[in-house]
Amino acid sequence: MVSLSDDAVPGVRADDLEPVSFDEQPSRPVTSSRDSTREILGWLEFGEASRDLAQDVLASGFRPDVVVAIARGGLLLAGAISYALDTKMCGSINVEFYTGVNSVLEKPVILPPALDAPALSGKRVLLVDDVSDSGRTLELVRDILRGHGADVHTVCLYSKPRTILEPDHVWRHTSDWITFPWSALPPVTVST
């Protein structure tokens with residue numbers, strides 16, 4: 001619930017307003033019409049998960065010099081964690097593997113623009129993605145960064161049972177399809 005002081009909105013008294021709830025649907029399994037289970041992550045829970053993961057990283061004793069997102073899925077989480085850890089150096093690496101629902105390439109492919117991985121030599125890097133599903137993308141990027149001399153720890157919101165790389169820090173484990181708040185709706189189009 002949001003409460004307003006009498007001077008929060010000029011000309012409007014808090015007593016005149018209807019209560020407003022900004023609570024979002026929590027992350028929970030839901031059954032769709034196809035009887036498949038989905039894990040739904042809301043924006044508020046995403047914020048809490050980001051802070052929980054940042055706290056877990058600190059509790060482990062790892063203090064990253066730089067946070068690197070695997071784009072696109074890891075971009076928002078990497079930004080949130082970098083703010084929570086007060087880590088100002090951030091970067092991203094673009095990888096394509098999933099091309100649609102149940103549609104993947106033979107192997108993950110690095111896309112331009114390229115991350116300056118050699119500049120990370122000797123740095124403590126926190127590598128961030130939204131989910132370690134197969135783990136192949138996370139493994140590829142981790143190995144590239146380690147190959148350039150970085151000390152890499154991995155963090156994901158979710159990890160799936162079939163992953164070949166369990167992240168060092170994970171918020172939740174699930175075997176369900178995950179609906180993220182940033183990709184739940186279709187891309188916007190020009191209105192006519």
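**Cores, a patch and a strand in a predicted model**

This is a predicted model, and its largest nonpolar core has 22 residues, with Leu126, Leu157 and Tyr158 making the most contacts inside it.

Q: What makes this set of 22 residues a nonpolar core?
A: A nonpolar core is a set of buried residues of nonpolar kinds, joined through side-chain atoms within 4.5 Å, so Leu126, Leu157 and Tyr158 count as buried members.

Q: Which helices and strands each supply at least two residues of this core?
A: They are helices H1 and H2 (75-85), together with strands E3 (66-71), E6 (124-132) and E7 (151-159). The largest share, 5 residues, comes from H1. Another core, of 16 residues, lies apart from this one and includes Ile70 and Leu120.

Q: Why is Trp43 called partly exposed?
A: Its relative accessibility is 39%. Buried means under 20% and exposed means over 50%, so Trp43, in between, is partly exposed. Trp43 is found in helix H1, which covers residues 43-59.

Q: What makes Trp43 eligible for a surface patch?
A: Patch residues need over 30% relative accessible area, and Trp43 has 39%, so Trp43 passes that cut-off. With Leu75 and Leu76, Trp43 forms a nonpolar patch with about 260 Å² of accessible area together.

Q: Which residues is Val170 in contact with, leaving aside its neighbours within four places in sequence?
A: They are Leu53, Cys156, Leu157, Tyr158 and Ser159. Contact means heavy atoms within 4.5 Å, so each of these five has a heavy atom within 4.5 Å of one in Val170. Val170 itself lies in strand E8 (residues 169-173). Val155 is 15 residues from Val170 in sequence, and their C-alpha atoms are 5.7 Å apart.

How values were computed
Residues are numbered from 1 along each chain as its sequence is written. This is a predicted model: local features need pLDDT of at least 70, side-chain atom pairs count only at pLDDT 80 or more; totals for chains, interfaces and linings use all residues. Side-chain values use heavy atoms; hydrogens and water are left out. Patches are made of residues with over 30% relative accessible area and no salt bridge: like charges are joined within 9 Å, nonpolar side chains (Val, Leu, Ile, Met, Phe, Trp, Tyr) within 5 Å. Accessible areas come from the Shrake-Rupley method with a 1.4 Å probe; for residues, only the protein chains shown count as cover. A salt bridge is a side-chain nitrogen of Lys or Arg within 4 Å of a carboxyl oxygen of Asp or Glu. Helices (H or I, at least four residues) and strands (E, at least two) are DSSP runs, numbered from the N terminus. Buried means under 20% relative accessible area, exposed over 50%, partly exposed in between (1.4 Å probe, protein chains only).
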